[in-house]
Structures are given as structure tokens and as C-alpha cells.
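Visitor: Could you take me on a close look at the place where the ligand sits?

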Amino acid sequence: MRIKTRSLSTQLIVSLGLLLSIFGIMQGVSSYRLALVGVDALLDDRLSTVAARIRDVYEAAIPHRSNGSGNADDIVVVVWTAEHKSPARTTDSAVVFDRNSPTGFSQQFAAHEAWRVYTLVTYDEVIQVGQRISVRVRMAQDSAARALMPIYVLIPAVWIAVYICVRRAFRVLDRLGRRAQAIDSAHLVALPDEGLPVELLPFVSSINRMIQRLDESMRLERDFISDAAHELRTPLTALKLQADNLQGDIAPQNRERFQALRRGIERTSTLVEQLLQLARADAQMTSTPPAALELTALVASVVSELLPIANQKRIDIGASELTPARICATEPDLHAVVKNLVGNALRYTPAGGSIDLRVLAADGYARIEIADTGPGIPEDALPRVFDRFYRVNHGVEGSGLGLAIVRAIVTRYSGRVTLENRHDGVTGLRAVVEIPLLAEDGVRCAEATG
Ligand SMILES: Nc1ncnc2c1ncn2[C@@H]1O[C@H](COP(=O)(O)OP(=O)(O)OP(=O)(O)O)[C@@H](O)[C@H]1O
Ligand SMILES: [Mg+2]
């Protein structure tokens with residue numbers, strides 16, 4: 001049988017449940033049949049026993065004539081003697097069996113009904129004990145139906161047991177699935193193989209080999225970017241110096257083109273610096289060890305650093321809430337995070353707009369919020385803005401690496417960064433960075449980050 005579901009556990013539960021139910025039903029049918037046969041034999045036994053008892057002890061108790069007890073379930077006893085043509089004694093005169101039957105069981109028709117009759121022929125009399133076949137069938141069926149009772153309880157119990165067993169067996173797979181889901185480029189760790197069923201080991205070890213290869217190739221790629229950026233840095237610095245030296249010798253009619261050339265060199269230097277920063281953040285490299293860092297001070301210093309640009313653009317930048325929040329990080333890393341996000345807000349918010357910063361601490365996380373009054377980001381582009389070199393607004397200069405750097409750094413500190421369009425009656429973007437607060441229990445920061 002093919003069960004149309006993609007869930008292996010549902011397939012197993014349904015197949016095992018159905019299989020065991022079919023066995024249960026087959027067992028039920030055979031118990032029912034056996035019970036029918038058994039009850040029939042028992043009733044026969046009763047008839048012959050009654051006949052023997054009447055012969056030995058109770059004949060005098062049988063009346064000479066009787067109209068029966070009125071109870072259709074009763075057995076009827078008829079005693080014939082040689083001198084009488086009609087029954088000498090009977091429990092129901094309306095029922096007359098064939099007195100010529102030999103000793104043993106027979107099926108007879110009397111008083112418009114079928115009877116099972118046991119005839120006992122002795123030297124001076126014939127004792128017949130009969131019971132209605134319809135009564136026997138009903139009694140056998142009732143008793144066989146009672147034999148089925150356990151099956152009614154067992155089948156649902158089997159389904160529950162199968163469900164529990166299969167879910168338990170699959171719990172290990174669920175756990176593995178959750179661990180696998182947590183793997184991404186910033187978190188390439190091997191899946192644990194202890195405690196796993198042997199059937200899963202080849203699968204897990206091939207995934208782990210793949211993770212190892214992926215880690216290696218990503219490391220090579222990071223090394224290449226970092227090496228290339230390093231190599232480019234020196235000639236670019238030389239180029240900048242030469243341009244500076246040339247400045248005085250440029251003819252007035254060439255000044256504008258010369259300035260464009262300098263801006264180009266400047267942009268290229270920035271790009272190379274960003275590539276280096278990204279490679280370092282991806283490789284989880286820090287020049288200084290992480291230390292306790294107060295975010296309010298850091299945010300204030302970034303704001304004062306960028307204040308001249310804000311003033312130039314007539315953008316009102318300020319912090320509406322600064323709750324003390326300490327995290328464990330390096331100053332250059334967090335400076336890069338906040339500067340990139342506030343830099344974006346300044347870059348994409350039109351002149352005359354405003355930028356509001358907040359620092360909060362709640363639920364074990366420090367939270368930095370940067371809300372601007374710019375155009376926001378189209379919803380369909382939001383999932384991609386953290387990709388390297390992905391840009392939405394090509395009218396404004398930029399290389400598309402800022403948010404990739406932010407995410408790499410924040411992820412390294414076990415935090416998260418999200419961007420959302422504002423829904424508080426103002427158009428604009430809200431960037432939120434959340435990083436675990438530094439524990440107050442005296443665990444040293446360097447130990448906490450390993
Ligand atoms: N505050 C914002 N408002 C509107 N759009 C934004 C904002 N911040 C980022 N974006 C969009 O996201 C894109 C990616 O931003 P990201 O910081 O990664 O690159 P960039 O600013 O273009 O260049 P740079 O590498 O110099 O930062 C930007 O091109 C811009 O379109
Ligand atoms: Mg940017």
C-alpha cells in the first residue's frame with residue numbers, strides 16, 4: 001500500500017497501525033468463530049448431561065403434562081416409555097420430538113421450530129432433551145461477541161502505542177534537523193554523531209564531510225579576498241600620494257577631471273578597506289580581545305563623529321533613549337556596526353529629515369535601534385540587502401558591502417540584525433541590532449567569548 005505523505009513518521013505510523021489493526025481484526029474473526037464452535041459444543045454437552053441426570057435422578061421431577069414455562073430459552077425434556085404412545089412426561093406438551101431417534105444428537109422440527117435434540121435410549125424408556133436452534137445461535141453469538149471485547153480496546157491502544165514509539169524514534173531526527181537548520185555560512189559546525197542510531201551515521205558523516213569541505217573552500221575564498229585587498233592597499237596608497245603630489249601641477253582646465261580621478265581612487269581605497277573588514281569579520285578575526293563595552297558611550301561617539309555630515313544635510317540626528325547596556329565586544333567592531341547603520345541612514349535620508357537612535361536593554365539582549373525618515377527599502381528587496389554588493393538605490397554612491405559587514409560582525413557576537421520599514425505613521429527604515437548583554441555574574445568577558 002502506498003501512503004501519499006512526505007512525512008516518514010506519518011508513513012510508519014499509518015503502515016504499522018494498519019498492519020497491526022489487520023492482524024487484530026483477523027485474530028478477532030478467528031476468536032469469534034472459535035467461540036461460536038465452542039459454545040455450540042458446550043450447549044450440546046449440557047443437553048447430554050441433562051438427559052443423563054434425568055435418567056439417573058430427576059425423572060420424577062418431570063411433570064406428566066405441562067404447557068412449558070413460557071420461557072423460550074428453556075430446554076424441553078420429553079420422556080417416553082414403552083407403554084405410552086404419547087410422552088409419559090414432558091416439560092412442554094406442545095413440543096413432541098421423534099421418539100424413534102437413536103441415541104445421540106439430531107436436528108428436528110417441532111412446534112414450528114428447529115430443535116437440537118439429544119436422545120438417550122435406555123432399556124425401558126427414551127429421554128429426549130431439546131433446545132431451540134434459534135436460542136442456541138443467539139447464545140453462541142452473544143458469547144462470541146464478548147470474546148471480541150478486548151479487540152475493541154486493543155486496536156485503538158495499538159495505534160496510540162505505535163504513534164508514541166515512532167515519535168520517540170524520530171525525536172533524534174528532529175533534533176538533528178534543528179542542528180542542521182542552524183548551520184549557515186557564519187556557523188559551519190559539524191553535526192554531533194554520539195547517541196545516533198547506526199543507520200544515521202553514514203548520512204551524518206557525509207554531511208559533516210561536506211561541511212568540512214565547505215568550511216575549507218570558504219576559508220580559501222576569505223583568504224583570497226583578504227590577500228587581494230592587502231596587495232591592493234599598497235599600490236593604492238602610492239597612487240593617492242602621487243595624485244596628491246601632482247595636484248599643484250594640474251592645469252586649471254584639467255582640475256575637474258583630476259578631482260574625478262581622485263574621487264575614483266578614494267572610492268577604490270574605501271572598497272578595499274571594506275573588503276578587508278568583511279574578510280576579517282567573516283574569519284572571526286579581531287585585532288584586540290573583546291572587553292566589556294558600554295553601548296551608550298559608543299553610540300554617542302559615533303553620533304558626534306557623523307554630526308558634521310548630518311549638519312551639512314540638515315538632518316536632525318539625536319538619541320531619544322539611552323539605557324545603559326554593556327556587552328562583550330571590541331570597540332572597533334561595534335563602532336563599524338553602528339557607523340555603517342547610521343551612515344546608511346544619513347546617506348539615504350533626504351535633506352531636512354531626521355534620525356533617531358535608541359539603546360535599550362531587555363530580555364538578556366542589548367538593543368540598538370536606528371530609525372530614519374528616508375524612503376525605506378522595498379519589501380521584496382529586504383531579504384537581499386545583507387548580500388554582498390547588493391544595492392537598491394543606485395542613484396547614491398556606495399559599494400553594497402556595509403550591511404554584509406554589519407551582519408558578519410553581529411553574528412560573530414551571537415546577535416542578530418534586522419531591517420524593517422517603519423509602520424509608525426512615518427516613512428523610513430528602522431535598523432535593529434540585538435547582542436547578548438554582558439552577564440553580571442562576574443564571568444570574565446574574554447572567557448565568555450572564548
Ligand atoms: N537607511 C536606509 N534607507 C534606505 N535604504 C537603505 C538604508 N540602508 C540601506 N539601504 C539600502 O540597502 C542597500 C545596501 O546597503 P549597504 O550599506 O550594504 O550598501 P551601501 O550603503 O549601498 O554601500 P556601502 O558598502 O558603502 O555601505 C543600499 O544600497 C540601500 O539601497
Ligand atoms: Mg551602507
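Guide: Here is a walk around ligand 1 and its neighbours. This is a predicted model, in which local features need pLDDT of at least 70, side-chain atom pairs count only at pLDDT 80 or more, and totals for chains, interfaces and linings use all residues. Residues are numbered from 1 along each chain as its sequence is written, chains are lettered from A and ligands numbered from 1 in the order in which they are written, and side-chain values use heavy atoms, with hydrogens and water left out.

Let's start with the neighbours. Ligand 1 is surrounded by 20 residues, and the closest are Asn344, Tyr348, Asp372, Arg391 and Leu401; a residue is near if one of its heavy atoms lies within 4 Å. By type, this shell holds nine nonpolar, eight polar and three charged residues (Ala, Val, Leu, Ile, Met, Phe, Trp, Tyr, Cys and Pro count as nonpolar, Asp, Glu, Lys and Arg as charged, and the others, Gly among them, as polar).

Next come the polar contacts, pairs of N or O atoms within 3.5 Å. Tyr348 places a polar side-chain atom 2.8 Å from an oxygen atom of ligand 1. Backbone atoms take part too: a polar one of Ser399 is 3.1 Å from a ligand 1 oxygen, and a polar one of Gly402 is 2.9 Å from a ligand 1 oxygen. Taken alone, ligand 1 exposes 590 Å², of which the protein buries 96% (areas by the Shrake-Rupley method with a 1.4 Å probe).

Finally, look at the helices (DSSP runs of H or I, at least four residues). The elements giving two or more residues to the shell are α6 (331-348) and α7 (402-412), and α6 gives the most, with four residues.

Key: Polar contact = N/O pair within 3.5 Å; in protein donor to acceptor, adjacent residues only side chain to side chain.
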